[in-house]
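Trainee: I would like a close look at a single part of this model, set against the chain that holds it. Please take me through it in one go.

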Amino acid sequence: MYKTILICFLNCLSTCVFAQNEAENNREIILLYMPVKETYLITGAGLNQFTQLETMVSPLVYKGIGAGASIGLQRRKKERITLLNTHWAKANLYNTLQPKQYSSALTHVNLSASTCYLINKIQFKNIKTRLGWQLAHQSDYRRNTQFQNASLTYNFTTTLAPLLHFEKWLSIAENKQRKLFKKQRSMRLSYQVAIPFIAGVSRPPFNAIRVLNDGTGNAYQNSLADEVIGNIKYYTLNHFFALNSNVTFEYFLKNSTSISLQYLWNFESFNIENKSYKVSQTVFQLRIHTRLNAL
Amino acid sequence: MHFKMKFNITTILIAAFIFISCNKLVSNKKIDNNAVSVFNYLWNEIDIKYSFIDYKKLDWNAIKIKYQSQVYDGMEQEALFNVCANMVNELRDGHANLMAPFDVSYYYPIFLNSPQNFNSRLVLTNYLMRNGADMQSTGALDNCILDTLGIKIGYIRYTSFSDKLYPEDLDYVLNKMKACDGILLDVRSNGGGSSSNVFALAGRFADSKRLVYRSYAKNGVAHNAFDNGNNLYVEPKGSAQFTKRIALLTNRGCYSATSFFTLAMKAFPYVKVIGDTTGGGLGVPNGGQLPNGWTYRFSVTKTITPDGKNFEDGIPPDFTIWMQDSSVNNGFDDIIERGIKYVKDGN
């Protein structure tokens, strides 16, 4: 039994190595004509621009630029694309009416899981169209020491959204007249948009206040975790609107990896009297797609 | 059916980059930063969030009418600040402040309209330095041992709850005074600070875990809309606690965290509060911003004793003592002397 497993394992391993070599040698052809199973680790870093309105503490719009990083896992299987992604960003935000020392530190985390399927009956010329869904969780922590006892406010949002994905291959074989990137490389341009229709939102209580009680200096009357869980409410489009979109330009290299430039725009608006929150995030990031599996 | 249409890269790029301008979606169209909007915004924030409008029997609508007529668009910033500050001071709350780049408003009458009942020089020369070398400044605590006709009484002076209390300092002072018959804990003219120090200090004088007060946070627009409240307890802290007679010396300059401390200490039967009523300030302040960038804060919680009393305007002492000029002239602090009597006699 043990020997059988070992032989199978070695056989698979050698097959994978052979396949990977073949894939690298015939990269252009394979990417063009063979829909295959591919798994990529996607890491990226870039600049983020935030615009935020947090009415719990201020009627003013705060803006700022910060840095961010992302890590994700993408799996392409036949005509299905599955993506697990985490994006983290931090920025100092300012308003136009106060000196620069009064900033608001924003930490933004976005977790998402999405999958989409090729829809044969809805295809444009040379563009693949996919439909799917996205489950996303967005966390915003805003800290501003000038607002006593309201220095930390938060916005946790979990959304479920239909997803629309367009994808176009750009290759010499497809477009021999192209003027840029004339080397034998494949490129891919994709655009994705998701508009959630239901959201679970957790915002601070009425006054965004936490009363100290235990003498440790930083503990809240209720733990933040309890508070967040206790404040979750579900909303649809009557009080909540969000849009997640991105444009990705991907350039394939010969060594089974690709690099991409991504422009990402997230917008969220939560509108409840005395608790309104709006945030817009614009991201430019450079990403590396490292292939984890062989063909 | 297949849709065939001319849909090229340019179309996608144009559609995508349109969103760059969508940052403008994040705006607050309801708010302008002119004088009238600023005034109305501040009035409304207080109306829905301030926790003592009912308790202080404020006619907040009448106050709006009173000050609204003084506000007009285009008025000087300083003039607008004065009008808004005067409106905020109608709250009669030391926790209510308006902050602009050029000024900060305070409500002074709480202690200015009362006798000071504290003379720092008298305390230093005639009590702390009575035995010269015995006086120590241990962290934030000035302390000494008063030897009064063979009875040893510890004296601790804590000037601000903003000064952090370290466990090592408290250990040292209480170890030094463990043989004393009682302690005079002088927090007069202590204007408050961090509530973390309240529990760090009170825990050193606790014999057991006791409910000291309940805190209710404003949670709705109605003036009487509060949450269900949270119990706050003081329990023994540190390696050892001092639970003999303790005289807590107070005056009207005791505000905010010092009033919380006084309220907490009243839960212990061997503690007597001596001096004048504290300044109050038992609502936890909460801050925010106005449309013109100024900031504000005011109380958004209320504190209720275990027997249901609200001491927002001040905690009355067990023994009301005011300092007399004649005593001061003779080198005596009437409040300290009354504290010594309590430690010696138990009443």
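Mentor: In this predicted model, the centres of domain 1 and domain 2 of chain B, taken over C-alpha atoms, are 36 Å apart. Domain 1 covers 35-112, while domain 2 is made up of 120-206 + 241-280 + 315-345. Contact between them involves 4 residues of domain 1 of chain B and 5 residues of domain 2 of chain B. On the domain 1 side, the touching residues divide into 2 nonpolar and 2 polar, with no charged residues.

As for the chain as a whole, chain B contains 11 helices and 14 strands. Its radius of gyration is 27 Å, well over the 20 Å that the globule rule gives for 347 residues, so chain B is more spread out than a compact globule. The C-alpha trace spans about 105 × 55 × 40 Å along its principal axes. Of the 347 residues, 45% count as buried.

Now the single part: helix H6 of chain B, residues 120-128. Its buried residues are B:Val123, B:Tyr127 and B:Leu128. Viewed down the axis of H6(B), these fall within an arc of 70 degrees, so they line one face of the helix. An α-helix has 3.6 residues a turn, so residues three or four places apart point the same way. The packing partners of the buried residues of H6(B) are strand E4 (141-148), strand E5 (151-158) and helix H11 (334-345) of chain B. On the face turned away from the buried side, H6(B) carries the exposed residues B:Arg121 and B:Thr125.

Definitions and conventions
Residues are numbered from 1 along each chain as its sequence is written. Chains are lettered from A and ligands numbered from 1 in the order in which they are written. This is a predicted model: local features need pLDDT of at least 70, side-chain atom pairs count only at pLDDT 80 or more; totals for chains, interfaces and linings use all residues. Domain bounds come from an automatic or database domain assignment. Two residues are in contact if their C-beta atoms, placed from the backbone, lie within 7 Å. Ala, Val, Leu, Ile, Met, Phe, Trp, Tyr, Cys and Pro count as nonpolar, Asp, Glu, Lys and Arg as charged, and the others, Gly among them, as polar. Helices (H or I, at least four residues) and strands (E, at least two) are DSSP runs, numbered from the N terminus. The radius of gyration is taken over C-alpha atoms; the globule rule is 2.2 Å times the number of residues to the power 0.38. A residue is buried if 20 or more other C-beta atoms lie within 10 Å of its own, exposed if 12 or fewer, and partly exposed in between; C-beta atoms are placed from the backbone. The arc is that of the directions from the helix axis to the C-beta atoms.
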